[in-house]
Amino acid sequence: MGEYKPITNDVSVDVESGTVTKIDERKKSIRPAQHRLVSLDVFRGITVALMILVDDAGAFIPAINHSPWNGVNLADFVMPFFLFIVGVALALAYKRVPDKSDASKKAVLRALKLFALGLFLQGGYFHGVHNLSYGVDLSSIRVMGVLQRIAIAYLLVAIGEIWLRNDGDDPPVDSGCGLLRKYRYQLLVGLILTVIYTILLYGVRVSDWEYEIQDGTSSPQYYYVKCGVRGNTGPGCNAVASIDRKILGLQHLYRKPVYKRTEECSTRSPQNGPLPVDAPSWCQAPFDPEGLLSSVMAIVTCLIGLQFGHVIVYFKDHRSRIMLWLIPSCFLLALAFCLDFFGIQMNKPLYTLSYTCVTAGAAGILFAGIFVLVDVYGLRKPTIAFEWMGKHALMIYIFIGCNLLPVLIQGIYWKKPENNLLKLIGI
């Protein structure tokens with residue numbers, strides 16, 4: 001055991017390991033210094049910056065906008081990256097759980113707060129940003145959304161981290177196999193969720209359905225979509241949308257589906273444009289990209305991030321951490337391309353298995369790279385802006401991603417709504 005020698009009044013160093021410790025004078029004890037994982041903040045900040053970029057520039061640069069249906073573009077990595085980060089953070093937050101019941105109650109409360117915030121911000125309250133009309137029509141409020149999906153994934157993965165861990169007879173974790181053995185029940189849950197999703201996606205029969213479009217200026221227009229199929233992964237007759245329509249109701253789904261930019265639905269594809277003359281009947285139907293069934297695989301992404309977080313908790317050697325991140329990340333990427341080749345295409349709206357693998361693998365490699373640059377080599381100055389954004393991610397998302405900033409800018413005016421701050425600064 002190394003001898004601790006003081007170097008200041010409250011700090012000492014182990015001469016063998018070089019570990020820095022702090023001496024608590026009040027308790028007369030020595031405790032390890034706590035170091036914040038900066039790379040996690042930087043990764044979160046990069047994801048926020050990516051979200052802002054694709055939201056603002058995606059309409060002009062189709063290559064970075066969300067893919068209209070099959071395929072993966074830059075914007076399609078934003079949501080899985082957030083979920084991956086939540087998983088990593090949960091592993092650090094719950095590495096010690098003295099009271100499982102109390103921790104579970106706090107996790108439920110946090111998830112409910114986040115879900116309620118998402119329901120308020122994305123449920124339709126700011127539906128009239130351009131004409132300054134706000135409010136919620138409960139008959140057509142959107143139930144799901146980005147924050148709601150994160151809340152669901154956070155809750156279930158947090159409960160799994162609190163209760164599904166072997167703290168008893170298992171030997172100490174000193175290898176990747178030991179880590180898999182310790183958290184085998186969490187991995188089993190991930191496998192079960194994947195199997196359930198796959199069975200429902202390819203096994204549920206989608207019946208014919210109809211919807212109406214009402215613009216308020218004329219009588220409603222009714223559209224009939226003929227399906228009667230099983231295992232279809234197209235925009236009109238997939239099980240993901242069918243389950244959302246039956247459980248949530250058409251009126252509670254997102255009304256600007258991404259497939260409006262497909263060649264079948266837009267003359268300017270992959271951008272928004274007028275409907276072609278022979279457009280399919282489903283082109284204007286509501287579809288929620290954060291729906292119920294697709295959120296099952298979002299939970300799996302969060303579980304993958306949780307396992308990456310466990311590496312930080314149990315392995316202190318940088319080389320071991322990086323190898324234990326890169327190996328499964330490369331495996332996930334290889335599996336994703338194999339699945340895509342054999343017909344399980346990468347699809348963000350459906351959150352397919354191949355999409356789960358490719359985004360989780362990319363997140364793992366990016367996180368490992370950021371960790372090396374920021375936490376190993378200490379290159380914090382070039383990433384200081386991302387670090388700040390990562391620490392204030394929710395605030396930035398609310399103000400920019402949920403239109404709160406435009407509301408504040410346009411909502412302050414002189415006598416007439418058009419005399420707002422935008423006009424004052426010449427925009």
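Here a colleague asks a modeller about the labels used for this predicted model.

Colleague: Before the details, how confident is the predictor in this chain?

Modeller: The average pLDDT is 85, and 82% of the residues score at least 70. Residues 1-34 are another matter: pLDDT stays under 50 there, and the model has 43 contacts beyond four places in sequence for that stretch.

Colleague: Okay, aromatics. How many pairs are there, and what makes Phe 43 and Phe 367 a stacked one?

Modeller: There are 17 aromatic pairs in the structure. For Phe 43 and Phe 367, the ring centres are 6.0 Å apart and the planes sit at 25°. The limits are 6.5 Å for pairing and under 30 degrees for stacking, so this pair is stacked.

Colleague: Where in the chain do those two rings come from?

Modeller: From distant parts: Phe 43 belongs to helix α1 (residues 38-57) and Phe 367 to helix α10 (residues 353-376), with the two positions 324 residues apart in numbering.

Colleague: Why is Phe 43 called buried, and what about Phe 367?

Modeller: Buried means under 20% relative accessible area. Phe 43 has 0%, so Phe 43 counts as buried. Phe 367 also comes out at 0% and is buried.

Colleague: And why is the pair of Trp 209 and Tyr 211 called tilted?

Modeller: Look at the angle: the planes are 35° apart, with the centres at 5.7 Å. Stacked needs under 30 degrees and edge-to-face over 60, so a pair at 35° is tilted. Both Trp 209 and Tyr 211 are buried.

Colleague: Trp 209 has a charged visitor too. How far is Arg 245 from the ring centre?

Modeller: Arg 245 lies over the face of Trp 209 at 3.7 Å from the ring centre. There is another case at Tyr 183, where the charged end of Lys 182 sits over the ring, 5.9 Å from its centre.

Colleague: Which residues do ring pairs link into a cluster?

Modeller: Phe 43, Phe 77, Phe 81, Phe 84, Phe 308, Trp 325, Phe 367 and Phe 371.

Colleague: On to charges. What makes Arg 44 and Asp 41 a salt bridge?

Modeller: The closest N and O atoms are 3.0 Å apart, and the cut-off is 4 Å, so the pair qualifies. The search of the whole structure turns up eight salt bridges. Arg 44 and Asp 41 are three residues apart in helix α1, so about one helical turn separates them.

Colleague: Why does that spacing suit a pair of side chains on a helix?

Modeller: An α-helix has 3.6 residues a turn, so residues three or four places apart point the same way.

Colleague: Are Arg 44 and Asp 41 buried or exposed?

Modeller: Arg 44 has a relative accessible area of 17% and is buried. Asp 41, at 2%, counts as buried as well.

Colleague: What makes Lys 106 and Asp 102 partly exposed?

Modeller: Partly exposed runs between the 20% and 50% limits. Lys 106 is at 43%, so that label fits, and Asp 102 at 34% gets it too. These two form a salt bridge, with closest N and O atoms 3.4 Å apart. Both lie in helix α3 (residues 100-122), four residues apart, which is about one turn.

Colleague: How do you know that Glu 290 and Lys 348 form a salt bridge?

Modeller: Their closest N and O atoms are 3.3 Å apart, within the 4 Å cut-off. The pair links distant parts of the chain: Glu 290 is in the loop between α7 (239-247) and α8 (292-314), Lys 348 in the loop between α9 and α10, 58 residues apart. Glu 290 and Lys 348 are buried. Salt bridges with shared partners join Arg 142, Asp 288, Glu 290 and Lys 348 into one network.

Colleague: Thr 352 is in that α9 to α10 loop as well. Why is Thr 352 called buried?

Modeller: Its relative accessibility is 4%, under the 20% limit, so Thr 352 counts as buried. Leaving aside neighbours within four places in sequence, Thr 352 is in contact with Tyr 197, Gln 345, Met 346 and Asn 347.

Colleague: Last one: what makes helix α2 mostly covered?

Modeller: Of its 16 residues, 13 are buried. Helix α2 (residues 78-93) reaches 23 Å from first C-alpha to last, close to the 22 Å expected.

Conventions: Residues are numbered from 1 along each chain as its sequence is written. This is a predicted model: local features need pLDDT of at least 70, side-chain atom pairs count only at pLDDT 80 or more; totals for chains, interfaces and linings use all residues. Side-chain values use heavy atoms; hydrogens and water are left out. Buried means under 20% relative accessible area, exposed over 50%, partly exposed in between (1.4 Å probe, protein chains only). A charge sits over a ring if NZ of Lys or CZ of Arg is within 6 Å of the ring centre and within 35 degrees of the ring normal. Contact means heavy atoms within 4.5 Å. A salt bridge is a side-chain nitrogen of Lys or Arg within 4 Å of a carboxyl oxygen of Asp or Glu. pLDDT is the predictor's confidence in each residue, from 0 to 100. The expected span of a helix is 1.5 Å times one less than its number of residues.
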